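I sat down with this one to go through confidence, helix packing and sheets. My notes follow in the order I looked things up.

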Amino acid sequence: MAEYFVFEIAESLLGKLASNLYEEVSRAFDLYEDVQGLRDTLLIVKGVLLDAEEKKEKKHGLREWLRQIQNVCLDAEDVLDGFESQSLRKQVLKASGSTRMKVDHFFSSSNSLVFRFRMARKIKNVRRRLDKIAADGSKFGLERIDIDHSRLQRREMTYSHVDDSRVIGRDKNREEIMKLLMQPHLHGDGYGDQSVCVIPIVGIGGLGKTTLAKLVFNDKRMDDLFPLKMWVCISDDFDIRQIIVKIINSASDPTISVVPQESIDNLDIEQLQSRLRHKLSCQKYLLVLDDVWNEDRAKWIELKDLIKVGAIGSKIIVTTRSISIAYMMGTVPSYVLEGLSAENCLSLFLKWAFREGEEKEHPNLVEIGKEIVKKCGGVPLALKTSGSSLFSVFDLERWENMRDHELWNLKQQKDDILPSLKLSYDQMPSYLRHCFAFFSLYPKDFGFTSAEMANFWVTLGLLRSAFGSQQIENVGKLYIYELYSRSFLEDFEDFGSHYYFKLHDLVHDLSLY
């Protein structure tokens, strides 16, 4: 687990190296060039750490390489602590004015000359080790990735088709969304621009937001209501140009070829937006924007201004894991998708664990299955993951092993529940990742308060204020609310001075995973 935080450790170390304190002390002891050399090498290594963390499961030796970087960074922190201690000694010495203390200091290891030689030796040692590790990293073919543009692995691109027979327990949800779509023109209170209605569907990863959107999109009643229907999977970057191209292609008659890629590449953004507006102009349309991660309101408004040329009654459905994104994009209150009922959970689990009707021959396994289902928290993808892993397995011991062990112990495929939830973890800013990991120390169904967690994080040195004057307790509250906005928390209550909340069971599994 530790190698997940190497980037954060390196980032913290670079922050210290850039501070005024370390610059002043390093100059005072004529070690400035050594410290800057260490900083330069660390900057180079940091540049490829995100790529290394992403590839460590696939490339042999990368995990050990990351551990070596972590060790040398921690040793570098010890060296920097030595600078801080020396700075404090000088302050004490200056304030005391004691001759005896000054004499003792001259003959001690804290003497400036002794300190300089000792620290220079340590810095050169750390830098030499870091240079070697950086050179070793070249054999892994790592690429430099900026943190703001890191290639976070996303789920596969989605499409609009769905097999209704494989979907269980979402009929009521479909009708509720359909009811919203059939209203002539929705007016949310205080939700801004009403020129086009945007209905956000929000919930934790694996809950079935995309599946629900597919059910609605493919309902025959939608064909009568919306002459033009378009499905666009956003997923990766909220790239306006690419989204325009996807909408144009989705709006095109399927019997006619979509715009060839060569032609699209030759169109500038002005030509593309003109073609988009022509496609949508005066059309009553339904547009699904699936799997949205963009938090940049300016980008959303830019896109919205281009697509709000449709006829009155046009609707947009947005699926997202983020409450704040849903609030930013929605013109009506978000549709918060809940987990499946216990009955539907069991039905879906059995559908994936057995062939049709086969479960009747194994009532003992079905009873164990009821216990396994409780661990899945009503999340369809978790039920699918658990059921699929037991398909064609009739050994009682295997089923009991699944029942008695946590979901995170299961071997996970790319599209299974924990890798799916990890996409949300990957999206977190680095300062939240450390904080989130410490939830794994608590039992499931534990009730937290923001004040308790803030104090815990403060003790561990994990909270940092974006504004110098901001109280650290308020920073803790902001961290908690950000986790809530990312659908990581449930039973969330705001008491003004503090929040109360719990972790969804699967999110707790993720913290362990």
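Before calling any helix pair, I wrote down my cut-off: an angle over 145 degrees counts as roughly antiparallel, and one under 35 degrees as roughly parallel. I also kept in mind that this is a predicted model.

**Entry: confidence**

I checked the pLDDT before trusting anything else. The mean for the protein is 82, and 84% of its residues reach 70 or more. I then looked for the poor stretches. Residues 148-153 stay under 50, and the model gives them 11 contacts beyond four places in sequence. Residues 188-192 are also below 50, with eight contacts beyond near neighbours in sequence. I left both stretches out of my further reading.

**Entry: α1 against α3**

I started at the N-terminal end of the numbering with helix α1 (residues 6-17) and helix α3 (residues 32-55). Their axes come within 9 Å and cross at roughly 155°. That angle is over my cut-off of 145 degrees, so I put α1 and α3 down as roughly antiparallel. I noted the crossing of α1 and α3 as left-handed.

Which residues of α1 and α3 meet? On the α1 side I listed V6, F7, E8, A10, E11, L13, L14 and L17. Across from them, α3 brings V35, R39, L42, L43, K46, L49, L50 and E53. By class I get 11 nonpolar residues, five charged and no polar ones in the contact of α1 with α3.

**Entry: α10 against α13**

Next I took helix α10 (residues 240-251) and helix α13 (residues 297-307). Here the axes come within 11 Å and cross at roughly 30°. With under 35 degrees as the limit, α10 and α13 are therefore roughly parallel. The crossing of α10 and α13 is right-handed.

From α10 I wrote down I240, I243, I244 and I247, which meet K299, E302, L303, L306 and I307 in α13. The class count for the contact of α10 with α13 is seven nonpolar, two charged and no polar residues.

**Entry: the five-stranded sheet**

In what order do the strands of the five-stranded open sheet run? I read β2-β3-β4-β1-β5, with parallel pairing. At the edges I found β2 (228-233) and β5 (335-336), each of which pairs on one side only. Going inside, I followed strand β3 (residues 285-292) along strand β4 (residues 315-320): they run parallel, joined by five bridges. One position I marked is V292, which stands opposite T320 in β4.

**Entry: the three-stranded sheet**

My last stop was an open sheet of three strands, ordered β6-β8-β7 with antiparallel pairing. β6 (448-449) and β7 (489-494) are the edge strands with a single partner each, so one side of each has no neighbour in the sheet.

I looked at how β7 pairs with strand β8 (residues 499-503), and found four bridges in the antiparallel sense. Along that pairing, E490 stands opposite K502 in β8, while D494 stands opposite Y499 in β8. I also checked what packs on this sheet: helix α22 (residues 472-485) touches β7 and β8, and its direction makes about 135° with that of β7.

I finished at the hairpin of β7 and β8, where four residues lie between the strands. There I noted G496, which takes a positive phi near 85°.

Conventions:
Residues numbered from 1 in each chain as written. Predicted model: local features only at pLDDT ≥ 70, side-chain atom pairs only at ≥ 80, totals over all residues. Heavy atoms only, no water. Axes fitted to C-alpha atoms, helices over the stretch in contact; angles between N-to-C directions. Helix = DSSP H or I, 4+ residues; strand = E, 2+ residues; numbered from the N terminus. Parallel < 35°, antiparallel > 145°, perpendicular 65-115°, else oblique. Left-handed = near helix turned anticlockwise from the far one by under 90°. Contact = heavy atoms within 4.5 Å. Nonpolar A, V, L, I, M, F, W, Y, C, P; charged D, E, K, R; others polar. pLDDT = per-residue confidence, 0-100. Pairing = 2+ DSSP bridges.
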